[in-house]
Amino acid sequence: AGFGTPLPMADPSEKITVDDCRVGAWVEVSNGGKEPWRGMIAKVDPTSSQPIAVKWVGNASPGLAVKPGVRWPTNTPDGLYTWRGGIHFVELETLLEVNDDLFHVANRKGLQHAELPCKPANVFCYERTCGGRCTGVPSASHPPPPAKQKDTAGTKGKVKPAAQPTAKAKPTPAPAPKTHNKPGPKPHSSASAKKGSNEKVKPAEEKKRKYDDAALGKYFEWEHNITGDCKPCDVLVPFTYHTSRIFNLEPGGVNYLVEERADPNNVRCSCSTSLLPALTDMLGKIEDLHKISKGQCPYRAMQCGGLLYHMHVYQDPVGKGYGVRALEPIKKGALICEYSGEIITTDEATLREQSYVQLGLFYLHDVHGKHNRGKYTIDPTMYGNVARMLNHSCDPNVTTLEMNSVNIMGDKCPKVPRLVLFAKRDIDAEEELCIDYSPGRDREDQLQKIMRCFCKTSKCKGWLF
């Protein structure tokens, strides 16, 4: 059946099921009684507790930042939507409607394509508020529905009965602590991988793989000692993988300066005088840092961008999205990696957060250095490293520590402390690496109840924020 084929009426008492959902259909998702969230189904996984992956759309408001230095023009017409918020898995109970015609590609009079900050095909109009303002309306680009498609309100789709409760509804994110979780704008794509054998490869061999390796199989090397089930551009929240911090401190975010790393041969070990005392204060007694780091210097690795342990990015089977697991034992106090991304001013972070919070993007992390407190924030939403992929746990095995950085760029960039991840306790091989997104808030009444927690530990607080 095509888009113009009449479809049989559905029994209004029916609930929305996985069979009603297919890739390309538009959906409305419960937002706790407020304006529903809207998007397009990107994936259907009947085996998951959150079987529907939704690619979100949001208002294309005048002046709204699309990316650093790029905003929607001030003459943007009202009622337009575009892709905003990446992709989330949702539960069936939160679906209010599945419908092929909720949106169409916008074709407003006076809408100048040359002024748009994205492709015209990615600008949509909500059918129920269009009011005939779009002319010659083309169909939004998604595959036609199968004949099984249902109709309950004169449109092609299925609407959830009004009497149905919306328990487990998706809440509206309110301003939360700037330590964040997963979804976001789609960044640049990485180099594509060639198809190869699906033969299982031992962890010791994975680190040798490259994107262009014909024998790559299903694993990809993100950087030395980091592999993944897919490429960074193919995770649910795509991003550009970058191992160094990117300074972007001008108003509007238009001038990028990639941090240069120090040569390991020119960095003197400060493990005993700097790193060990800080870790001991936080974690208690720790073994010799060089001994637990395979004989290498974690201080040099931290300053120069080295990774001492092999980790793997995988898709979590219980609905948490992608996560990171250790592929070898890691001792308490050992260096995991740096939390890398854009270094922006807190003023710029405040502007970005206004958009991020609406979209469920929780990546921002303030830097609390002694000499620049309140001035800088790390934002790995579009540019980041493997630290961006760590999930939350209310009983984490990884913690963060700020350490002074070795600056070889002089006055080109300010001295912003590094935010570094360390093992909070001994970690087993194949164990997932997790951090606490809301540290210091140990009771449910201390949280804003923004997003449900799925850590399932004995210390679970029920919410991420």
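Here are some questions and answers about cavities, a sheet and two backbone angles in this predicted model.

Me: How many cavities of 30 Å³ or more does the count come to?
Reply: Rolling a probe the size of a water molecule over the atoms shows where empty space is left. Leaving aside anything under the 30 Å³ cut-off, the count is five cavities.

Me: Which element gives the most to the lining of the largest cavity?
Reply: This cavity holds about 90 Å³ of space. Two elements, α4 (298-304) and β18 (335-338), each supply at least two lining residues. Among the residues around the space are Ala301, Met302, Leu335, Cys337 and Glu338. With three residues, the top contributor is β18.

Me: How do the residues of that lining divide into nonpolar, polar and charged?
Reply: Glu223, Arg261 and Glu338 are in the lining, and Asp, Glu, Lys and Arg count as charged. Gly305 and Gly306 line the cavity too, and Gly goes with the polar class. The split is five nonpolar, four polar and three charged.

Me: And what does the lining of the second largest cavity have by class?
Reply: That one has about 50 Å³ of space. Its lining includes Pro73, Pro77, Leu111 and Leu116, along with Asn75, Thr76, Gln112 and Glu115. Sorted by class, that's four nonpolar, four polar and one charged.

Me: Which are the edge strands of the open sheet with the order β11-β12-β16-β17-β26-β23?
Reply: The sheet has six strands and mixed pairing. An edge strand pairs on one side only, and that picks out β11 (220-223) and β23 (391-392).

Me: What is the bridge partner of Thr227 in β16?
Reply: Strands of a sheet pair through backbone hydrogen bonds, either parallel or antiparallel. Here β12 (residues 226-228) and β16 (residues 311-315) run parallel, joined by three bridges. Across from Thr227, the partner is His312.

Me: Where is Lys294, and is it buried, partly exposed or exposed?
Reply: Most residues other than glycine have a negative phi. Lys294 has a positive one, near 60°, and its place is in the loop between α3 (271-283) and α4. Its relative accessible area is 44%, and anything between 20% and 50% falls in the middle class, so Lys294 is partly exposed.

Me: What about Lys456, buried or exposed?
Reply: Lys456 also has a positive phi, near 60°, and lies in the segment after β26 (432-435). Its relative accessibility is 67%. The cut-off is over 50%, so Lys456 counts as exposed.

Note on methods. Residues are numbered from 1 along each chain as its sequence is written. This is a predicted model: local features need pLDDT of at least 70, side-chain atom pairs count only at pLDDT 80 or more; totals for chains, interfaces and linings use all residues. Side-chain values use heavy atoms; hydrogens and water are left out. On a 1 Å grid over the protein atoms alone, a cavity is a set of points where a 1.4 Å probe fits but cannot get out, and a pocket is an open set with protein on both sides within 12 Å along at least five of seven lines; lining residues have an atom within 4 Å of a point. Grid points are joined across faces, edges and corners, and a volume is the space filled by probe spheres set on the points. Helices (H or I, at least four residues) and strands (E, at least two) are DSSP runs, numbered from the N terminus. Two strands pair if DSSP finds at least two bridges between them. Buried means under 20% relative accessible area, exposed over 50%, partly exposed in between (1.4 Å probe, protein chains only).
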